[in-house]
Every structure is written in C-alpha cells, then in structure tokens.
Amino acid sequence: MMNRVILVGRLTKDPELRYTPSGVAVATFTLAVNRTYTNQQGEREADFINCVIWRKPAENVANFLKKGSLAGVDGRLQTRNYEGQDGKRVYVTEVVAESVQFLEPRNSNPNRGGNNEFYGGGPSNPNTPFNQNQNQNTPFSQNQNQRNQGYTRVDEDPFSNDGQPIDISDDDLPF
C-alpha cells in the first residue's frame with residue numbers, strides 16, 4: 001500500500017508552533033495549492049491543505065516560514081477524530097509532513113520583510129553554508145564591478161541567438 005503526498009504552495013498564515021507535555025515540538029500550517037485549471041470566470045482556484053510537522057523540522061518551519069512563503073511538503077495523508085467541546089465527533093484530514101523544503105529566499109516575499117539571506121543563513125547563524133564563503137574571494141563576495149568579469153549571470157543564456165556558431169567538440173557531447 002502507498003500513502004504519499006507531495007505539495008507545493010504558499011502558507012496562508014504564520015505556522016503555529018506548540019510543544020507536547022513531553023517537550024516534543026509540533027507545528028501546524030495551512031498550504032494554499034493552486035489547481036491546474038481555471039473556473040468559468042478565468043480565475044485559478046486553490047485548495048487549502050492543513051499540514052503538521054514534528055520535532056526539529058517543526059521548529060525550523062516556525063522559525064523560517066511565514067505567511068506567503070513558498071514551500072514544498074513531502075509526507076503522508078492522515079485522518080483522525082476527536083470529541084469537540086459541543087460533544088460532537090470532529091473529523092480531521094491533514095498531511096503529516098516528513099520534510100518541508102523552503103523554496104524561495106527570505107527577502108523575495110513582500111509579506112515577510114527581512115534581509116537578503118537565504119533561510120537558515122545569516123549573521124545570527126554564521127556557520128551555515130550560505131555564509132561560509134563571505135570572507136573568501138568568490139563571486140558572491142566581490143563587488144558588482146568585479147562580479148561581471150569572467151562570470152555569467154544565472155539568468156543570462158550563454159547560447160542566446162547572437163548569430164555566431166557555437167564551437168563545441170564531439171568529446172563534449174554526452175551522446
């Protein structure tokens with residue numbers, strides 16, 4: 001049998017972090033996932049999917065994701081029920097996330113504010129991979145004029161149609 005869920009969407013509000021009586025962290029959040037089709041008015045509808053994640057990943061989600069953050073969730077679908085305050089049985093279906101991927105830099109979402117570090121990096125945590133090269137002579141630590149010398153920007157196509165033939169040997173081809 002198989003129970004696997006993979007989602008990509010945006011958080012509808014800040015995650016809620018709580019701790020069980022035994023001290024285990026648990027975070028809950030809702031992910032808005034666009035549908036692949038549009039309605040009759042030409043608008044894209046979304047599904048709002050409740051997610052839960054446990055332990056250290058829960059603390060990471062609460063610390064680094066906020067309302068509007070783009071996230072990828074990998075987990076399983078789970079249903080549970082409990083008796084509500086009014087005495088009626090309440091049924092809940094949610095995704096129990098095994099991992100959550102942070103899919104955009106911290107500053108790319110206008111709802112977030114913040115600075116230019118990626119999730120997990122920054123001055124408050126200098127031992128992360130994103131800051132390890134800040135004092136070395138890399139294209140990320142050079143000034144803007146030096147950066148453009150000898151480096152190709154990621155969003156520039158080195159093979160754009162400039163009318164010149166491409167010089168490539170048969171040894172460079174993978175087939």
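A residue counts as buried under 20% relative accessible area, as exposed over 50%, and as partly exposed in between. Keep that scale in mind, because Phe102, at 26% relative accessibility, lands in the partly exposed class. We'll come back to Phe102 once the rest of the fold is in place. One caveat before the tour: what you're looking at is a predicted model.

Start with the overall layout. The chain's secondary structure amounts to six strands and two helices, and reading from the N terminus the order is β-β-β-β-α-β-β-α. Of its 175 residues, 27% are buried. The exposed surface comes to about 13200 Å², with carbon and sulfur atoms supplying 47% of that area. As for how the chain folds back on itself, take the contacts with a separation of 6 or more: 52% of them join residues 24 or more positions apart.

Strand 1 gives a nice example of such a long-range link. Val5 sits in this strand, and its relative accessible area of 15% is under the 20% cut-off, so Val5 is buried. Leaving out neighbours within four places in sequence, Val5 touches Val73, Asp74, Gly75, Arg76, Leu77 and Val95. Val5 and Ala97 are 92 residues apart in sequence, yet their C-alpha atoms are 8.5 Å apart in space.

Next along the chain comes a hairpin. Strand 2 and strand 3 form it, with five residues between them. Gly23 is in the turn and has a positive phi of about 90 degrees. The two strands pair in the antiparallel sense over four bridges; if you want to find the register on screen, look for Arg18, whose bridge partner in strand 3 is Val26.

Strand 3 also matters for the inside of the model. The largest nonpolar core has 18 residues, and among them Leu7, Phe29, Leu31, Ile53, Val73 and Val100 touch the most other members. Two or more residues each come from strand 1, strand 3, strand 4, helix 1, strand 5 and strand 6. Strand 3 provides the largest share, five residues. For a view from one of those well-connected members, pick Val100: beyond four places in sequence, Val100 contacts Phe29, Ile53, Val61, Leu65, Ala71, Gly72 and Val73.

Now for helix 1, which spans residues 55–64 and has Ala58, Val61, Ala62 and Phe64 as its buried residues. What do these buried residues pack against? Their partners are strand 2, strand 3, strand 4 and strand 6. Arg55 belongs to helix 1 as well, but with a relative accessible area of 55% it is over the 50% cut-off, so Arg55 is exposed. Check the backbone there too: Arg55 has a positive phi, near 65 degrees, in a residue other than glycine.

That brings us back to Phe102. The chain has one aromatic pair, made by Phe64 and Phe102. Their ring centres are 6.1 Å apart and their planes meet at 55 degrees, so the pair is tilted. Since Phe64 lies in helix 1 and Phe102 in strand 6, the pair ties together parts that are 38 residues apart in sequence. Its two members differ in burial: Phe64 is one of the buried residues of helix 1, while Phe102 is partly exposed.

Technical notes:
Residues numbered from 1 in each chain as written. Predicted model: local features only at pLDDT ≥ 70, side-chain atom pairs only at ≥ 80, totals over all residues. Heavy atoms only, no water. Buried < 20%, exposed > 50% of the residue type's maximum accessible area, 1.4 Å probe, protein only. Contact = heavy atoms within 4.5 Å. Core = buried A, V, L, I, M, F, W, Y, C linked by side-chain atoms within 4.5 Å. Pairing = 2+ DSSP bridges. Areas by Shrake-Rupley, 256 points an atom, 1.4 Å probe, with all protein chains shown as cover. Phe/Tyr/Trp six-rings, centres within 6.5 Å; stacked < 30°, edge-to-face > 60°.
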